[in-house]
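Me: Please take a close look at one part of this model, a single residue and its surroundings, and set that part within the chain as a whole. I would like the cut-offs stated as you go.

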Amino acid sequence: QVQFVESGGGLVQPGGSLRLSCVASGSIFSILVMGWYRQAPGKQRELVADVNSAGSANSADSVKGRFTISRDNAKNTVYLQMNSLKPEDTAVYYCHAVVQTTNGRVGDYWGRGTQVTVSS
């Protein structure tokens, strides 16, 4: 019912920057929350940052001051600007959204993930 197109991952040197984008489409009535999680090898998936429809953002302490999340409601798109990247930011980054679909139901939806590797 809801699909995502994620882009922007890749290989970057420590201290570099990347910008992730995620576009949602499908039977969307309203996107209540949209954001990014990440999962490093051998670790649990964790919230990186998310933003609600009013523009209120939430982020992990480990990325505060380095990552910025933003959202374009008209385009059903969320962006994650990642600066001052560190090797410990290496992970698969997953787009996530809490969506009310056109049938009235509210559910969690996940993208397939995009790899971010920070290495020299």
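Reply: Buried residues, those under 20% relative accessible area (exposed means over 50%, partly exposed in between, with a 1.4 Å probe and protein chains only), make up 41% of the 120 residues in the protein chain. The model is predicted, so local features need pLDDT of at least 70 and side-chain atom pairs count only at pLDDT 80 or more, while totals for chains, interfaces and linings use all residues. Residues are numbered from 1 along each chain as its sequence is written, and side-chain values use heavy atoms, with hydrogens and water left out.

The part to look at closely is Tyr 109, whose place is in strand E10 (residues 106-110); strands here are DSSP runs of E with at least two residues, helices are runs of H or I with at least four, and both are numbered from the N terminus. Tyr 109 counts as buried because its relative accessibility is 17%. If contact is taken as heavy atoms within 4.5 Å, and residues up to four places away in sequence are not counted, Tyr 109 touches Gln 1, Val 2, Phe 4, Cys 95, His 96, Ala 97, Val 99 and Thr 101. With Gln 1 there is also a polar contact, side chain to side chain, at 3.2 Å; the term stands for a pair of N or O atoms within 3.5 Å, where within protein one must be able to donate a hydrogen and the other to accept it, and residues adjacent in sequence count only if both atoms are side-chain atoms. Asp 50, which is 59 residues from Tyr 109 in sequence, lies 13 Å from it in space, C-alpha to C-alpha.

As for the chain around this residue, it has 11 strands and zero helices. Its radius of gyration, taken over C-alpha atoms, is 14 Å, close to the 14 Å that the globule rule gives for 120 residues, so the chain is as compact as a globular protein of that length; the rule is 2.2 Å times the number of residues to the power 0.38. Among contacts in the chain with a separation of 6 or more, 55% come from residues 24 or more positions apart.

Four of the strands form an open sheet in the order E1-E3-E8-E7, with antiparallel pairing, two strands being paired if DSSP finds at least two bridges between them. Strand E1 (2-7) and strand E7 (67-72) stand at the edges with a single partner strand each, so one side of each is left without a neighbour in the sheet.
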